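Please find below my notes on the model, set out as numbered points. They deal with chain contacts and then with one pair of helices.

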Amino acid sequence: MNSKEVAIIGGGVAGISAAVALTDIGFMVHIIERDVQLGGHATSFACKATDKCSKCLVCVADELVLKASQHPKIRVLTGSEVMSFSGKPGDFELRISQAGGEESLFKESVLKIGAIVIATGFMPFNAEEKKEYGYGKYKNVITASDFERAIRANGAISRPTDGSAPEKITFFQCVGSRDESIGKGYCSKVCCSYALKLSKLVKSEIPESDITIFYMDVQPTGKDFLKLRESCEEMGIKFVRNLPSKIYGYADSDFMRVNNLNNNTGEVVQDEFDLIVLSVGMSPQNDVKFLANTFKVDLDEHNFFKGLKQSTNLSNTPGIFLAGACQGPKDIEESMAHGRAAAAEVVKMLREQ
Amino acid sequence: MKREVSKIGIFIYDCESKLKNVLSISEVCSKLEGLGFVCFESPASHFNEAMSDFEKYLKDNEMLKVVIAGCDSRSKEQIFKNSLKKVGLSPYWVNFVNLNEAIGYKEKKKATEKAINLVTQAAKWIEMQEIIGTQKVLLNQKVLVLGGGIAGIETALTLTEGGLDVILIEETSHLGGGAVAVENLKGLVKSKIEALVNEKKVRVINSSHLVDLDGHVGRFTARVEGEQKLIFEVGAVVVATGNELILPIQELDESSGSLAIGQKDLENRLSLSKDVPQRVCFLIDLVDEDLKISTQVLLKQALAVKEKFGSDVICLCRDLKVSFDGGEKLYEKAQEAGVLFFKYTKKPKIAFSDEIVKTSLINEDYPHEKLVFESDLLVVNEKIMPGRGSNALAESLSVDLDSKGFFQSDNVKLLPTFSSRRGIFFVGGCRLPQNINETLSEARATAAEIFSFLSKEEIELDLTSAKIDSDKCILCLTCIRTCPHRAIVVDQEEETAKVIPLACQSCGICVSECPVVAIELPLYTNAQIIGQLNDVVGEAG
Amino acid sequence: MKSGSNLEKILSAGKFAVTAELGPPKSADAEVVYKKADILKGCADAVNITDCQTAIVRMSSIATAAMLISKGLEPIAQMTCRDRNRIAIQSDLLGASALGVKNLLCLTGDHQKFGNHPQSKNVFDLDSIQLIKMVKDMRDEKVFQCGEEIKVEPRFFIGAAESPFADPVELRVLMLAKKVTAGIDFVQTQIVYNVEKFAKWMELVRELGLDKKVYILAGVAPLKSVGMARYMKNNVPGMDVPDEVINRMTAVGKERAKEEGINICVDVINQVKEIKGVAGVHVMAIEWEEVVPEIVEKAGLLPRPKIG
Amino acid sequence: MIIGERKPIQEILDMIGEHDKILIAGCGTCVAICMAGGDKEVSILASAIRMARNREGKPIEIQEHTPLRQCEWEFVDELKDKIKVSDTVLSMACGIGVQTLVERYPEAVVYPAVNTTFLGLPEEQGVWSERCGACGNCVLDKTGGICPIVRCSKSLLNGPCGGAQDGKCEIDPEVDCGWQLIYDRLKVLGKLDNLTKISPAKDWSTGRDGGPRKIVREDMKL
Amino acid sequence: MKRDFEPKITAFCCEHSGLPSADMAVESEFVYPEGVNIIKIPCSGKVEAIHIMRALEEGDGVAIFACHKEACQFLRGNLRTEAKVTYISKILREIGIEKERVQMYFLAPSNGVKFARTLRVFYKNLKDLGPNAGRKEL
């Protein structure tokens, strides 16, 4: 018998979008979230509006989480993880463990469901792997995720060493993306867009700041991306097509040195910055292999879940669906659409059964 | 002060004893009791306990309306509302107070005063809240899809999975749209077309176009013309009319002749296995440099030319836009095959002479060096333009186009495929040129959205939409012109403006624009708002 | 003879006519008028007296005209529709005629917005065409506008202004034709700098045979500076100042600008003289009347012929 | 419809003078539609006056009422009680409304708070423009349906003056030349012939120039 | 007298930006001044000119918290209100009341910090301006 219940693994924007779409169609949904709360990465990010909305969609993610957390047809199981699974499409059994509140004991339970949507999202690339950038060693080298969190929490932009406003800021693109040497031979899609929007935000909050973006290629996203790039250039944000290979720190200084190529003269120049933001890419979650084994679904060469050609929401195992960045890098907008698209695939499968 | 307030209950709870330390809840309660309200102070110290307390409270007391004061923000509102629904109370007859607001006050006395003020305000607001009626609305469960390209086909197929009937209108004589011409998509497109043609719930009408659309979400009337003149009643409309490719003639020299072709021409040549010359130069980003599709095509074609004909292949672009699935891999593969890539910031110069194209640009790695390439064929990316009929179509749908003429989807708070009118959607290349996976994904997402709200033939709608008092309405048309969702129409018989509840999104813009105060938003009446001004801005209590 | 004015005589004798323009003072000072009259005497066949040009209050056009007659010059009184209704206009015309004014230029009048009384009420009881018709009927039919008979009618040689370059261009020749039908005897055009364009307009005029029905006097004016040229090009409606003229003015520098302005004016006169159907020139040098004799002389139009 | 515009508030305050009990009477028809004197504008003006007077330390009591039409005796009757207790009445109707009040309530002091501007239409939301001069003798049949009396700054009847440039009037580059509009329209209609005919001096007596106007329909009279 | 003066502020908060930000501000204990009265509205476009005027009659300042430009849930609500605020500043100038007493701010729903900071600055500015002379006598 077909169950009208669906389990969604991962409570980020993709999972929640799938969940909301499914409940709208009449399903009951269980969201299995490892963390203590819903939302995933998107809800830790900062709004990047200047006087105008930058269309970063962080606020949309916030609203979505709020909606899902109170939804009568969505059961949110925070602090829970998948243990094993069995059955056939339309009639699965999913065994999960959940941290049990006060005594912090794990409690196991079994969900009877018709379909499973994997929406475990991504991990920001661990910048410590790029030793030459000194992340973790130099306080004023931070990742874009750190930067977003700090802006959201403090509502102001400051450098970690002394909390004052930074003067010279740079963004390093493609940290953990398009880099075969560390096994990341793919583009993370989202970093250019967020770096441009963040740099605009910094420039509008600290107009006297000097901002440089070191990049390989600018990757566009969405409508009017060219306008965004041009508006950055108009504000005086510099674009340098060259990724410095190393960051040199000084003792007792807020500043760091970077060698790079001047695109106009072809000379190597030295530059100093007091805030270096590493635009880290998206890496697969650390438990993807476990999930892949459990659900017998394929991973691609970069360890993202492999979607089928006719629909990237479909995995190679019937009844197991994919949504969001666990299938490959996606921004918030694309993740939400992908989540809802997954809901459509679930409906299709359960009808055919 | 005597008022009929005994049916309004005030439910106050503390969370983790946060409030007790800064204000006196019992004082708040006694003050409100003094004003004639029934007040209940929950001893619960945790939200979950407070919830069960609240449910018990609802059972024990015959209340009509409730004010819930605590220190949870909006994150718990829906949960309380669900409880109210369970015991048969209106979820609209409740108001919430976030007492955290009072916590910031330094003195206990002031904090308590502020709390009293906040709760009184909320009680006054809900006291004035009138009943929210409901209305049964019939929905037409058919969907009109405009455009038989891959976006339209995928939307139509997915809609049928949700149990809806689809009418698909295609302007040309065949299905498939632009994707049919793309070599590696042919198989996919063919199988989707087959599935569509075999689907009984879909009626495909070729060589036709929409001429007029009347009505509103749930009940549109569409006039379609082609070989026949047809009229359909549908519940939603999906625009998937795609886009058009145009060779950027003005960017090229007139003397280019057959030396310069577009990516689409090359695609045709490749699929017909026609010869490609020995030296090929790809030059992209001359136009539409913010689209990644041209890079995607470039990589595939450069590799194909290299592998099939062993030509010397040079690619010039502003940025190598590899932000699509497998993009970087494809780039690496092309490089390994011997395709050369050069990036430019300043647009390269092109010169045509004696069957040879000369392209020159500055080497960005060594800016003093000028690179000059001679080739036998120049391949450029086409400019992607909105479909020819977009303007007329936008007019008949009463929706907007963006500055480039693509269908607008300007509401960041909704799916990008939503239009400003409920029930009308834009999918695929007609709103933003994109690649196949993105198109398929948004087509399915949109279909899921549509069948969730068209899944029933009849729905009961809570009338929280704006209400027009037909006695006061002078038909000045201001509301009709200012409604962002085109949810207000003229009721010719009654001689008044009329809100379509299903299309209204309860923003209240019409209320604030109406010059004769004829419109009210039931959950935010004028009296409620003005009532808040009088009390609190004056002295507290 | 319609009016027996000197201008009428010169034109009907087929001589190339020269008219000039005199702006009355913004005061009651008669001397200003007499001084200007002295300058213009002998170098123009008749002198236009503007009627509160650009809606700035100045001495009455008819009064000034009478003063000119007393000095032996022939005036062309200008009459606009802006400030008077048909009663006032007819009354003034009776008086003007009695004072010996024989030429009348009928105009719409500039809007009061440009003048020194922008808050005043405008009249525009009649438009220029209706005015022309009324003046003609007074002369030829001996009737007032209302149809009542006039015992001794005012006899004017009736003129109008026309702007070959104003918008809508397609309508300009038509407007002239309409004025001809309404009853004008001569027309003075807006200032011509773009001779080529003017020649084209004249072609159209000839096509309609209008040059046979009325005398066409081309308007000309000396430029004082590059600034003035630019201002006219950009700000004066119906004025076409080609870049070529501006370049000429720029090329000579500030000191020689006035001299070059005069040269350009003379060149224009020489060119329009050659255009078929042009019966004369109207030299407009407002507040710079002293250069008129020089221009007329340089254009080889002196001495002025005397007829009858 | 009749288009109006609220007078500057200082001018209104000067009219009120020292009075401290006033009634602001709006009108629910034309001036409501053009956002000059409907319910809402009445409240806004009342609020502004109260604040202005508070500022001077002379608080004022203001009543508000907006009948459906202020140009009908039957409708202004509903103001009776409020007028009785007010020192002054500010009318936010057009000039007709003000005079209706004066005629109906000869004992009341009525001041206009709105300037009656013209007869026109809303070109778009928030933009109104003049279309009719109420000359009592319509010529639209000859001019392609565009009125030369109000669309031409000089009310010319025989074609444009020489002051138009790029289709705009000499008085303001934002104002269309009425005759350009007429010309364009007649061209479309294939009736450019109309322009060659001389339009004789107009009979203005049917207009305001003919003195106070009145229409009597014997068949409609009681 | 002026030193003791506590400005009364009415803050109209759009439910899609101002209100969640206010919630976030109080939850994170970003303190904003006392005497701020928050009124919820579904869209800043719902604020009417008369609401602003009436709030001024009863207080010293009015702040409207709206969504960022191009991010209005209802497309143009925030822009319409901005135009209304301009209209009101004109009226205030006519009656001699400081137009600075009415301010419009653009926010995201998660701008708790900015919400509190903005109100603190507004409060200080009002304190410098002194009591609203047009306010009704208490």
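1. Two residues are taken to be in contact if their C-beta atoms, placed from the backbone, lie within 7 Å. The model is predicted, so local features need pLDDT of at least 70 and side-chain atom pairs count only at pLDDT 80 or more, while totals for chains, interfaces and linings use all residues. Residues are numbered from 1 along each chain as its sequence is written, with chains lettered from A and ligands numbered from 1 in the order in which they are written.

2. Of the 6 pairs of chains that touch, chains A and B share the most contacts, and their contact draws 48 residues from chain B and 47 residues from chain A. On the side of chain B that touches chain A, at least two residues each come from helices H3 (77–86), H6 (150–161), H10 (327–337) and H12 (436–453) of chain B, helices being DSSP runs of H or I with at least four residues, numbered from the N terminus. H12(B) gives the most to that side, with 12 residues.

3. Chain C does not touch chain A, the nearest C-alpha atoms of the two being 33 Å apart, and no contact joins chain C to chain B, where the closest C-alpha atoms lie 30 Å apart.

4. Within chain C, helix H4 (residues 86–98) packs against helix H5 (residues 128–141) at an angle of about 45°, with axes 12 Å apart; axes are lines fitted to C-alpha atoms, for helices over the stretch in contact, and angles run from 0 to 180 degrees between N-to-C directions. In this packing C:Arg86, C:Ile89, C:Gln90 and C:Leu93 of H4(C) meet C:Leu131, C:Met134, C:Val135 and C:Met138 of H5(C).
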